[in-house]
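Biologist: Hey, can you pull up that structure and walk me through it? I'm new to this, so plain words please.

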Amino acid sequence: MNIPNILTLARIAFIPLLVMFFYLPYAWSMPLAAGLFALASITDWLDGYLARRWNQATPFGAFLDPVADKLMVAVALALLIERYDSMWLTLPALVIIGREIVISALREWMAEMGKRGSVAVSWLGKVKTTLQMLALLLLLAFFPGTPLAQVGVVTLHVAAILTLWSMALYLRAAWPHLSRAM
């Protein structure tokens, strides 16, 4: 157990707190939920940075980091789907969740074939993730219909478009291996 892995585990431990803060009936609960999500997003970057910097990357961390990320994002999106109760938020949220499932399965399958590098994280994935985290932060922090929440919805749509684009690039890179397996 090292600090990067502890940060990753903390991200998972934040999930029930995020849900609890989201549902508290106080005006300060939304900014608190958003702040916790922001802290989780920072630990996502920090654990990877520290693991590389201190040469503390572990197989456990390599497994757990993407799981923690996807759990935190999926839970936040599920909470927001309920809050907004709107196709305009639900559709990009489902695109993002669906893409994560597809790409996780693709990466696992490619790893079994010894070709995981074919579907490594790209610059587009990093931009998508940054916009997605910004959108979720805004949507968690502000009530639906407020100007910053509307910016969050638009940013989530842009993230969903980048999500589809990056998924298409990953599938195209994996296609030679997928087509041989059919």
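Modeller: Sure, here is a chat about the core, the surface and a few residues. Keep in mind that this is a predicted model.

Biologist: Let's start inside. How many residues are in the largest nonpolar core?

Modeller: The largest nonpolar core has 31 residues. Leu18, Phe37, Leu80, Leu136, Leu140 and Leu156 are the ones with the most contacts inside it.

Biologist: Which elements give two or more residues to this core?

Modeller: Helix 1, helix 2, helix 3, helix 4, helix 5 (123-141) and helix 6 (147-181) do.

Biologist: And where does the largest share come from?

Modeller: From helix 3, which gives 7 residues to this core. As general background, nonpolar side chains in soluble globular proteins tend to be buried together.

Biologist: OK, now the outside. Which residues make the nonpolar surface patch?

Modeller: That patch is made by Met1, Ile6, Leu9, Phe60, Phe63, Val67 and Leu71, and it covers about 660 Å². Helix 1 (3-23) and helix 3 (59-84) each supply at least two of its residues. The largest share, 4 residues, comes from helix 3.

Biologist: Pick one of those. Where is Phe60?

Modeller: Phe60 sits in helix 3. Its relative accessible area is 39%, so Phe60 counts as partly exposed.

Biologist: Switching topic: how many aromatic pairs are there?

Modeller: The count comes to 4 aromatic pairs. One of them is Phe22 with Tyr23: the ring centres are 5.1 Å apart and the planes are at 85°, so this pair is edge-to-face.

Biologist: Why is it called edge-to-face?

Modeller: Because planes over 60 degrees apart count as edge-to-face, and the planes of Phe22 and Tyr23 are at 85°.

Biologist: Is Phe22 buried or exposed?

Modeller: Phe22 is buried, because its relative accessibility is 8% and the cut-off for buried is under 20%. Tyr23, at 45%, is partly exposed.

Biologist: What about Trp45 and Tyr49, what sort of pair do they form?

Modeller: Trp45 and Tyr49 are stacked, with 5.1 Å centre to centre and 15° between the planes. Both lie in helix 2 (residues 29-53), 4 residues apart, which is about one turn of the helix.

Biologist: And how exposed are they?

Modeller: Trp45 has 52% relative accessibility, so it counts as exposed. Tyr49 has 32%, so Tyr49 is partly exposed.

Biologist: What lies over the face of Tyr170?

Modeller: Arg107 does, at 4.9 Å from the ring centre.

Biologist: Now the backbone. What is phi of Asn55?

Modeller: Phi of Asn55 is near 55°, which is positive, and Asn55 is not a glycine. Most residues other than glycine have a negative phi.

Biologist: Where is Asn55 in the fold?

Modeller: Asn55 is in the loop between helix 2 and helix 3. Its relative accessibility is 71%, so Asn55 is exposed.

Biologist: And what about phi of Asp85?

Modeller: Asp85 has a positive phi too, of about 45°, and is not a glycine. Asp85 is in the loop between helix 3 and helix 4 (87-112). At 69% relative accessibility, Asp85 counts as exposed.

Biologist: Last one. Where is Gln56 found?

Modeller: Gln56 is in the loop between helix 2 and helix 3, and it is partly exposed, with a relative accessible area of 26%. Gln56 and Ser166 are 110 residues apart along the chain, and their C-alpha atoms are separated by 28 Å.

Conventions:
Residues numbered from 1 in each chain as written. Predicted model: local features only at pLDDT ≥ 70, side-chain atom pairs only at ≥ 80, totals over all residues. Heavy atoms only, no water. Patch = residues over 30% accessible without salt bridge, like charges linked within 9 Å, V, L, I, M, F, W, Y side chains within 5 Å. Areas by Shrake-Rupley, 256 points an atom, 1.4 Å probe, with all protein chains shown as cover. Salt bridge = Lys/Arg side-chain N within 4 Å of Asp/Glu carboxyl O. Buried < 20%, exposed > 50% of the residue type's maximum accessible area, 1.4 Å probe, protein only. Phe/Tyr/Trp six-rings, centres within 6.5 Å; stacked < 30°, edge-to-face > 60°. Lys NZ or Arg CZ within 6 Å of the ring centre and 35° of its normal. Core = buried A, V, L, I, M, F, W, Y, C linked by side-chain atoms within 4.5 Å.
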